[in-house]
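Trainee: I should be grateful for a close look at one part of this structure, namely its helix packing. Please set that part in the context of the chain as a whole.

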Amino acid sequence: MGPTAWPTGYMENSVSYSAIEDVQLLSWENAPKYCLQLTVPGGTVLLQAANSYLRDQWFHSLQWKKKIYKYKKVLSNPSRWEVVLKEIRTLVDMALTSPLQDDSINQAPLEIVSKLLSENTNLTTQEHENIIVAIAPLLENNHPPPDLCEFFCKHCRERPRSMVVIEVFTPVVQRILKHNMDFGKCPRLRLFTQEYILALNELNAGMEVVKKFIQSMHGPTGHCPHPRVLPNLVAVCLAAIYSCYEEFINSRDNSPSLKEIRNGCQQPCDRKPTLPLRLLHPSPDLVSQEATLSEARLKSVVVASSEIHVEVEHTSTAKPALTASAGNDSEPNLIDCLMVSPACSTMSIELGPQADRTLGCYVEILKLLSDYDDWRPSLASLLQPIPFPKEALAHEKFTKELKYVIQRFAEDPRQEVHSCLLSVRAGKDGWFQLYSPGGVACDDDGELFASMVHILMGSCYKTKKFLLSLAENKLGPCMLLALRGNQTMVEILCLMLEYNIIDNNDTQLQIISTLESTGVGKRMYEQLCDRQRELKELQRKGGPTRLTLPSKSTDADLARLLSSGSFGNLENLSLAFTNVTSACAEHLIKLPSLKQLNLWSTQFGDAGLRLLSEHLTMLQVLNLCETPVTDAGLLALSSMKSLCSLNMNSTKLSADTYEDLKAKLPNLKEVDVRYTEAW
C-alpha cells in the first residue's frame, strides 16, 4: 500500500521522535528511489533522500534517536537499580556498535546517565561504581559532560583508594590532558583532573604514584609527543595552588591590604569583619606610637580561618625608598610589600592539613615537570609572569619548595629558559627579584642569586644595562657575596669597575677594598688593572686609521695585534673573510674611534652584535654580509643611532625586523638586504 502523505520540503525535525512507531527501508515494487517509510499514529510518512548514502544516514539516525527517546523515558523513572544498570549497559553497547560517525552518538548516553545520577543522590557506593564501570567504554574516546565530572570528583574525594579511580579514571584523565584545548571553556574537566591527582596522592605510595602518572603522560622518549599535556598540567597545578589560599583571598576585603601590612596598619580600617574571619587591629594609641620614626615597636596582625592562619609582624618604619608617600593611595609594588628587611613586614602563613597536602602535591608536580628537558622551556615561559597569588608568595613553605624549580631554570644553559627568570616587562618583578637577597623568597645566603646572575651574564643580554640594574638595586648583596669569596660576584664587581658603572668615588674604593680582601678577588682585580693599562695604551692617540687583517686570521690573532701598540686613531677595520667569532667583540669595543667595521663572511654572531650595540654607539658603517646573525642580534642594532650604512645581505633577517630597524635608525641611508626574507 502507498503512503498516506508525500511531504514536500521535509525537514528531519518535522516528525516527533516520540510519535514514530517504526522506520523501514522501502522494498515494495515500484517504490520511489531512496525512500524511508515512517509508521506514525494514523498512517505512514515517506521520506525521500537525494541518494542512497543520505537515505542510510537518515535511517540509522532516526532509529538511534527513537531508541534514545525510549531509554530516556525508561531511565527517568527507575524502580529497580539492577534493571537500570542492565539498561545502561545495553545503551552503551548500542552507542558503541552504531554505524553513525557522530560525537553526539556517544555523548547522548553519557548525558542520560549524568542526569540520572544528579536526580538520584541516595545511591550506594557500590551502585556508583557499577554505573561508572558500565559507562567506562564510552569514556575512552569522549570527555565526560560537566555533571558527570562533578560526580567523578565526588567519588575521588570520598573513595580515593577505589580501584575505579585507577582502572577507569586514569585513561579518562590521560585523554583530557592530551586533547583538551581550553580549561576555561570546561572548568569541571580541570577540577576532575585535579581531584583525580589528589586521589592518587592518597594511595599508599603517594607521590610515587603521581610521579609514575606524570612519566606516563610524558612518554618514554626524550620528547613528549603530546603538546597539550604540559600546558594542561600547569593549568591544573596553578588552579590547585590557588585553591589552597582561596579562603584567605576571598576574605581580602576584610583583611589588611598589602599597603596596610607594609605601613603597619597605620590607617584606621572601618570594614566590618565577617565570621569566621576577623581582623584584630592594634589600639589607636599603639598605632600612633608606631607611626613615630624613632620607635621600632613589635606589633602583630592576625587573620584566622578554618584553613589559614596568617601572622604579620611589624618592625621599624620602612625606608623612604621602599615606602609609598602618604598621599599615594595606589597599591605598592608586590616585592616592596613582601621584602624581607627591617623596614618591611614579615608574613607567615599556616595552612590547614588538607590545604597543606594539596599544596605539597602540586608543588611537587611542578618540580617533576621542571626535570624534563623538553618541557622546561615552556614551563619557564608559563611561570615567568609569576601566576601565583601574593598570599602564596608570602608563604615560606611554598617559596622554599618552589625554589627547586627556579634553580632548574637558573642551571639551564638555554637562553629561552633562563631568560624567564627576569620580568616579562619593565616595571614588573620577576623570579630574579623574588629570590635575590632582600626578596621575600630568599632563604639562603645568596647562592641561588649568584647562580642566576652567573647564567644571565653568560647569555646574550645587554651587559651594561644588567650591571647598572645590579649596581642600583643589589650592590650590597653583590659585595657581601664577593667578600665571602663567591667568584661570580667578584667578576661582577670587576666588570662594574671596568665598564665605569659606579660613579661615586667612595663606592669605587669600597668595591676595591672588597676585592682585595679575598685571594680570588685580589687576583682578578690585578688582572683588571693590567687590562686597564693595556686599554689606555690601546686607546692612546696614534697608530693607523685603517687596518685590514689577512684572511684566515682568528680571534687570538686580532687580540695579539691590538695588544701590540696604540690604535686610538683606528677608524676603519676590515675583518672580512677571516675566522673571527663573537669572542672578538670584547676587543673591538675598546677601539674609541672606530666608525667602519667590515665583518663580511666571518663567524661573528648575535652575542657579539649585542655587545657592539652597547659600546660602539658611534659606528657609522657595518658590513654583516654572509654572517650567521639572526633577528635576535640584529634587533640590538636599533640602539646604534649613528649607522648610515648597513649590509645584511645573505643573513637570516626577517621582514619584520627590517621594518623595525628602518623605523629606529633615522640616519640609515644605505641598506643591503638581498637574499634575505626582507628582500
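Mentor: The account below begins with the chain as a whole, turns to the helix contacts, and ends with some individual residues.

The model is a predicted one. Its mean pLDDT over the chain is 78, with 72% of the residues at 70 or more. Two stretches call for caution. Over residues 1-18 the pLDDT stays under 50, and the model gives this stretch 27 contacts beyond four places in sequence. Residues 254-346 likewise have a pLDDT below 50, and the model has 164 contacts for them beyond near neighbours in sequence. Where pLDDT is low, the predicted coordinates should not be read in detail.

The secondary structure of the chain consists of 30 helices and 13 strands. The chain has 679 residues, of which 48% count as buried. Among contacts with a separation of 6 or more, 66% are between residues 24 or more positions apart.

Helix α14 (residues 353-370) is a convenient place to begin with the packing, as it has contacts with α8 and with α17. Helix α8 spans residues 207-218, and its axis comes within 11 Å of that of α14, crossing it at roughly 40°. At that angle α8 is oblique to α14, and the crossing is right-handed. On the α8 side the contact is made by Met207, Val210, Lys211 and Ile214, and on the α14 side by Cys361, Glu364, Ile365, Leu368 and Leu369. By class, these contact residues are 7 nonpolar, no polar and 2 charged.

The approach of α14 to α17 has its own geometry: the two axes come within 9 Å and cross at roughly 5°. An angle under 35 degrees counts as roughly parallel, so α14 is roughly parallel to α17. From α14, the residues that take part are Asp356, Leu359, Val363, Leu366, Lys367 and Ser370. They meet Lys397, Phe398, Glu401, Leu402, Tyr404, Val405 and Arg408 of α17. This contact is made up of 7 nonpolar, 1 polar and 5 charged residues.

Helix α17 (396-411) also appears in the surroundings of α20, where it is included in what covers the buried residues of that helix. Helix α20 runs over residues 447-457 and is mostly covered, with 8 of its 11 residues buried. The buried positions are Leu448, Phe449, Ala450, Met452, Val453, Ile455, Leu456 and Met457. Besides α17, the cover includes α18 (415-418), α19 (431-434), α21 (463-473), α22 (475-483) and α23 (487-498).

A further pair is formed by α9 and α15. The axis of α9 comes within 10 Å of that of helix α15 (residues 376-383), and the two cross at roughly 40°. The two helices are therefore oblique to each other, and α9 passes α15 in a right-handed crossing. Leu230, Pro231, Val234 and Leu238 of α9 meet Ser378, Leu379, Leu382 and Leu383 of α15. The residues in this contact comprise 7 nonpolar, 1 polar and no charged.

One of the residues in that contact, proline 231, lies in helix α9 (residues 229-244). Proline 231 counts as partly exposed because its relative accessibility is 26%. Its C-alpha atom is separated by 9.6 Å from that of tryptophan 375, although the two residues are 144 residues apart along the chain.

Leucine 528, in helix α25 (residues 519-539), may be considered next. With a relative accessibility of 3%, leucine 528 counts as buried. Leaving aside residues up to four places away in sequence, leucine 528 touches Cys494, Leu497 and Glu498. For cysteine 494, the separation from leucine 528 is 34 residues in sequence and 6.9 Å in space, C-alpha to C-alpha.

Finally, two residues outside the helix contacts deserve a check of their backbone. Most residues other than glycine have a negative phi. Lysine 552, in the loop between β8 (546-548) and α26 (555-562), has a positive phi, near 75°. Lysine 552 is exposed, with a relative accessible area of 59%. Tyrosine 675, in the segment after β13 (670-672), also has a positive phi, near 60°. Its relative accessible area is 55%, and tyrosine 675 is exposed.

How values were computed
Residues are numbered from 1 along each chain as its sequence is written. This is a predicted model: local features need pLDDT of at least 70, side-chain atom pairs count only at pLDDT 80 or more; totals for chains, interfaces and linings use all residues. Side-chain values use heavy atoms; hydrogens and water are left out. Buried means under 20% relative accessible area, exposed over 50%, partly exposed in between (1.4 Å probe, protein chains only). Helices (H or I, at least four residues) and strands (E, at least two) are DSSP runs, numbered from the N terminus. Contact means heavy atoms within 4.5 Å. pLDDT is the predictor's confidence in each residue, from 0 to 100. Axes are lines fitted to C-alpha atoms, for helices over the stretch in contact, and angles run from 0 to 180 degrees between N-to-C directions. Angles under 35 degrees count as roughly parallel, over 145 as roughly antiparallel, 65 to 115 as roughly perpendicular and the rest as oblique. A crossing is left-handed if the near helix is turned anticlockwise from the far one by less than a right angle, and right-handed if clockwise. Ala, Val, Leu, Ile, Met, Phe, Trp, Tyr, Cys and Pro count as nonpolar, Asp, Glu, Lys and Arg as charged, and the others, Gly among them, as polar.
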